[in-house]
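Reader: Could you walk me through this one? I'd like to go over the ligand site, the strands and the salt bridges.

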Amino acid sequence: MKQIYLDYAATTYIDERVLKVMQPFLSRDFGNPSSIYNSGMNAKFAIDDARKSIAVSLNCKETEIIFTAGGTESVNLAIFGVVRKALLNAKRKPHIICSAIEHHAVLESFKALEAEGVETTCLPVNQQGFVDSKALQKAIKPNTVLVSIIYANNEIGTIQLIPEISRTLRKVNEERFKAKLNKIYFHTDACQALGALSVDVQKLGVDLLSFNGSKVYGPKQTGGLFVRFGTKLNPLIYGGGQENGFRSGTENVAGVVGLAKAISIANAEMTKENKRLRSLRDYFIQSLEKKIEDVTLTGASIKEDSEKYPKRLPNNINFIINGAEGEALLLYLDARGVEISTGSACASTSLDPSHVIKALGYNESQAKSAIRVSLGRKTKKADLAFLLKIIPGIVKELRRVSQLS
Ligand SMILES: *Cc1c(COP(=O)(O)O)cnc(C)c1O
C-alpha cells in the first residue's frame with residue numbers, strides 16, 4: 001500500500017541537503033565549541049556561520065539569536081524569561097496577554113504562570129481566527145509586560161497581521177514611556193510561519209520570535225529565539241553560560257548547522273513552493289466542497305489569500321465534516337495509507353476537541369469533526385486526488401454509524 005503523508009504541519013522529514021551538512025558534525029567534527037583547540041574552534045565557527053545565516057533571514061543581528069532545543073523551549077524562554085525578569089523588580093505581579101488560538105507551548109506556559117499568581121488574558125478571535133487589535137488595546141493593564149500572538153496558526157493556518165499588532169503596541173508603548181511605565185514586549189510564535197512567510201523581524205516589529213527546525217525540513221529538537229537588543233529576560237537553563245548565558249549546555253552543533261541550512265533552503269524556494277502548495281490547497285478545498293455535503297472550511301477564507309497579502313498558510317487545509325468524527329476518519333484514512341490529523345499533534349493524546357476550532361465559535365461536536373490536511377514538498381496532485389476519491393465513502397459510512405447511535 002502506498003503511504004501518503006499529509007501532516008507536514010506536525011513535522012517534516014529532514015531534507016537530504018540538510019542531512020548532508022549535518023553529517024560531519026555527528027562523527028568526524030565532534031569537538032566541543034567551547035574548547036579552544038582546533039576541533040573545538042571548528043565547531044564554534046560552524047555555529048557562528050549558522051547564526052550569521054539565520055540572522056540574514058530574520059534581518060537581525062547575530063547576537064540577537066539564541067539557539068534552543070525546539071519551538072516549545074523558545075516559547076517557554078520568551079514567556080518565562082520576560083515574566084521572571086519582570087518579577088524581580090515589580091511591585092505588583094505582572095500581567096501577560098495571548099490569543100485564544102495559541103499553540104499549547106504558549107497556553108500551558110500561561111497556565112503555569114497563572115498558578116504562580118501572574119495575571120493572564122486570552123484574547124478572543126473572530127470566526128476566521130483573527131485577533132482584533134482593539135480588543136488587544138482594551139486588554140492592556142498598567143502591569144502588562146508581554147503580548148504573545150501566534151504568527152500563523154498550526155491548526156487552521158490563519159496568518160495574523162503581526163505588523164499591525166506591533167504598530168498598535170508601539171503607540172501604547174510611547175504613551176507608557178511618558179507615564180514612566182515599563183515597555184510591553186511583543187512575542188510571536190513563528191514555528192509554522194518560518195519557511196512560508198517573511199520572518200523579517202524589523203518589518204514584523206516584534207521583540208521576540210520563536211522558530212524551530214522540525215517544521216522546515218530540519219532536525220527535530222532544534223530551534224531558536226530572536227531577542228531584540230535591549231529586551232530584558234532571564235534564562236531558563238543555567239550552567240556553562242553558552243548562548244551568551246541565555247541557554248547553557250553544550251551546543252547541538254549538527255542540529256544548529258542543519259537548522260540554518262533548512263532555513264536557507266526554505267527561503268530560497270519559498271515563492272515557488274508557496275505557489276505550488278497554494279494551488280494544490282485550493283484544488284483540494286474546492287473539490288472536497290463539491291464531493292461532500294455539509295463541510296465547512298475553518299480558518300481564513302482562501303478568497304482573500306494571496307502571495308502578496310497572505311491570510312492562510314499555503315499548505316493548510318482544515319475542515320469540519322458535519323456528522324463524521326474526526327478521530328474515526330483519521331483512523332479509517334490511516335488504514336488506507338493516508339496520514340492526516342485532527343488538529344494539533346501535541347493534543348492528540350487527549351480526546352479534548354481542539355481549543356482552536358472552539359475559539360472560532362464552533363460547538364463541541366463540530367470541533368470533534370474537524371480534520372487537518374497539511375501539504376508539503378513531496379505532496380503531489382495525485383495524492384490529493386486519491387484522498388478525494390476515498391474520503392466520500394468513508395464519510396458516508398461514518399455518518400451512517402453516527403445516525404444509528
Ligand atoms: C510545532 C510548534 C511548536 C512546538 O515546536 P517544537 O519544536 O515541537 O517544540 C510551537 N508552536 C507552533 C505554532 C508549532 O507549530
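Author: What follows takes up the ligand, then the strands, then the charged pairs, and the model discussed is a predicted one.

Reader: Ok, which residues are around the ligand?

Author: The residues around the ligand are G70, G71, T72, H103, I150, N154, D189, C191, Q192, N212, S214 and K215. Sorted by character, this shell divides into two nonpolar, eight polar and two charged residues.

Reader: And what lies 2.6 Å from an oxygen atom of the ligand?

Author: That is an N or O atom in the side chain of K215, 2.6 Å from a ligand oxygen. An oxygen atom of the ligand is also 2.8 Å from an N or O atom in the side chain of N212, and with G71 a polar backbone atom takes part, at 2.9 Å from a ligand oxygen.

Reader: How much of the ligand's accessible area does the protein cover?

Author: On its own the ligand has 380 Å² of accessible area, and the protein covers 87% of that.

Reader: N212 sits in a strand, right? What does β7 look like, buried or exposed?

Author: Strand β7 spans residues 208-212, and five of its five residues are buried, so β7 is largely enclosed by the rest of the structure. L208, S210 and N212 point one way, while L209 and F211 point the other way. In a regular strand the side chains alternate between the two faces of the sheet.

Reader: Which strands does β7 pair with, and in what sense?

Author: With strand β6, residues 185-189, the pairing is parallel and runs over three bridges, and H187 has L208 of β7 as its bridge partner. With β8 the strand runs antiparallel, joined by five bridges, and there the bridge partner of L208 is V227.

Reader: Does anything else pair with β8, and if so, which strand?

Author: Strand β2, residues 65-68, pairs with β8, residues 223-227, in the antiparallel sense over four bridges, with T68 standing opposite G223. In β2, I65 and F67 point one way and I66 and T68 the other way, and all of these are buried.

Reader: Switching topic: how many salt bridges are there?

Author: The count comes to 26 salt bridges. One of them joins K141 and E119, whose closest N and O atoms are 2.6 Å apart. K141 lies in the loop between α5 and β5 and E119 in strand β4, so this pair ties together parts that are 22 residues apart in sequence. K141 is partly exposed at 30% relative accessibility, and E119 is partly exposed too, with a relative accessible area of 24%.

Reader: What about K111, where are that residue and E108?

Author: Both lie in helix α4, residues 104-115, three residues apart, which is about one turn of the helix. Their closest N and O atoms are 3.3 Å apart in the salt bridge. At 52% relative accessibility K111 counts as exposed, because the cut-off for exposed is over 50%, whereas E108, at 39%, counts as partly exposed.

Reader: Last one: which residues are linked in a network of salt bridges?

Author: R278, R281, D282, D305 and E307 are linked in such a network. Within it, E307 and R278 form a salt bridge with their closest N and O atoms 3.0 Å apart. This pair links distant parts of the chain, with E307 in the loop between β9 and β10 and R278 in helix α8, 29 residues apart. R278 is buried, with a relative accessible area of 11%, while E307 is partly exposed at 39%.

Key: Residues numbered from 1 in each chain as written. Predicted model: local features only at pLDDT ≥ 70, side-chain atom pairs only at ≥ 80, totals over all residues. Heavy atoms only, no water. Salt bridge = Lys/Arg side-chain N within 4 Å of Asp/Glu carboxyl O. Helix = DSSP H or I, 4+ residues; strand = E, 2+ residues; numbered from the N terminus. Buried < 20%, exposed > 50% of the residue type's maximum accessible area, 1.4 Å probe, protein only. Near = heavy atom within 4 Å. Polar contact = N/O pair within 3.5 Å; in protein donor to acceptor, adjacent residues only side chain to side chain. Areas by Shrake-Rupley, 256 points an atom, 1.4 Å probe, with all protein chains shown as cover. Nonpolar A, V, L, I, M, F, W, Y, C, P; charged D, E, K, R; others polar. Pairing = 2+ DSSP bridges.
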